[in-house]
Amino acid sequence: MSYYNHGHTEIKAVNQLYKGIETPDDLYEALLHCWTRETCTARLRNKYSESNKTAGQCAITAFLVQDIFGGEIRELDTGRGLHCYNVIDGVAIDLTSEQFGEDAAKLCYENNPLQPAREIRMAETQKGERYELLKNNLESYILKSCQK
């Protein structure tokens, strides 16, 4: 596992939207097969690669985490822009932190503001479409996994 605060097995899915996704670790493992260049935000697609699949995926991933585990979405300023992550039962979870490489250790997950309303963020350029694509990728991955 390579994301901020991995291993919190006490955080459980609040609904059964996706078979087999019980913890954030489960979701992270599945998303490694679902994040694509097309789900990456356009301004960061040049940073997306097989070794950096989390690049440009923070907001849509945070929406998906919230769908499955509840909680809230917060934003922190990285110095290069805003970055979204989740807070679930008081625990910060950032499934896309590894995109920052060594600089990930410098991110501060305390006292950051809530993300603007989800409807506002979804209306931003291609964010809603990328979120739907990520959800579809996850559904397809789970369906394939269940058939094995």
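How many disulfides does the structure hold? Zero, so to speak: the count is 0. And before I go on, keep in mind that this is a predicted model.

Let me stay with the cysteines for a moment. Cysteine 108 takes part in no disulfide, and the nearest cysteine sulfur, the one on cysteine 84, sits 16 Å away. Cysteine 108 is partly exposed, at 44% relative accessibility. Cysteine 34, on the other hand, is buried, with a relative accessibility of 0%.

Okay, on to the core. In soluble globular proteins, nonpolar side chains tend to be buried together. Here, the largest nonpolar core has 30 residues, and Leu27 and Phe69 touch the most other members. At least two residues apiece come from helix 1 (24–31), helix 2 (58–69), strand 2 (82–88), strand 3 (91–93) and helix 4 (127–147). Helix 2 gives the largest share, with 9 residues.

What does leucine 27 contact, if we skip neighbours within four places in sequence? That would be Ile21, Leu64, Val65, Ile68, Phe69, Leu95 and Leu138. There's also another core lying apart from the big one, with 8 residues, including Leu76, Tyr85, Val87 and Phe100.

Last stop, glutamine 99. You'll find it in the loop between strand 3 and helix 3 (118–122). Is glutamine 99 buried or exposed? Its relative accessible area is 17%, which is under the 20% cut-off, so it counts as buried. A polar atom of its side chain lies 3.0 Å from the backbone oxygen of threonine 96. Leaving out neighbours within four places in sequence, glutamine 99 also contacts Asn52, Thr54, Ala55, Gly56, Cys58 and His83.

Key. Residues numbered from 1 in each chain as written. Predicted model: local features only at pLDDT ≥ 70, side-chain atom pairs only at ≥ 80, totals over all residues. Heavy atoms only, no water. Core = buried A, V, L, I, M, F, W, Y, C linked by side-chain atoms within 4.5 Å. Buried < 20%, exposed > 50% of the residue type's maximum accessible area, 1.4 Å probe, protein only. Helix = DSSP H or I, 4+ residues; strand = E, 2+ residues; numbered from the N terminus. Contact = heavy atoms within 4.5 Å. Polar contact = N/O pair within 3.5 Å; in protein donor to acceptor, adjacent residues only side chain to side chain. Disulfide = S-S within 2.5 Å.
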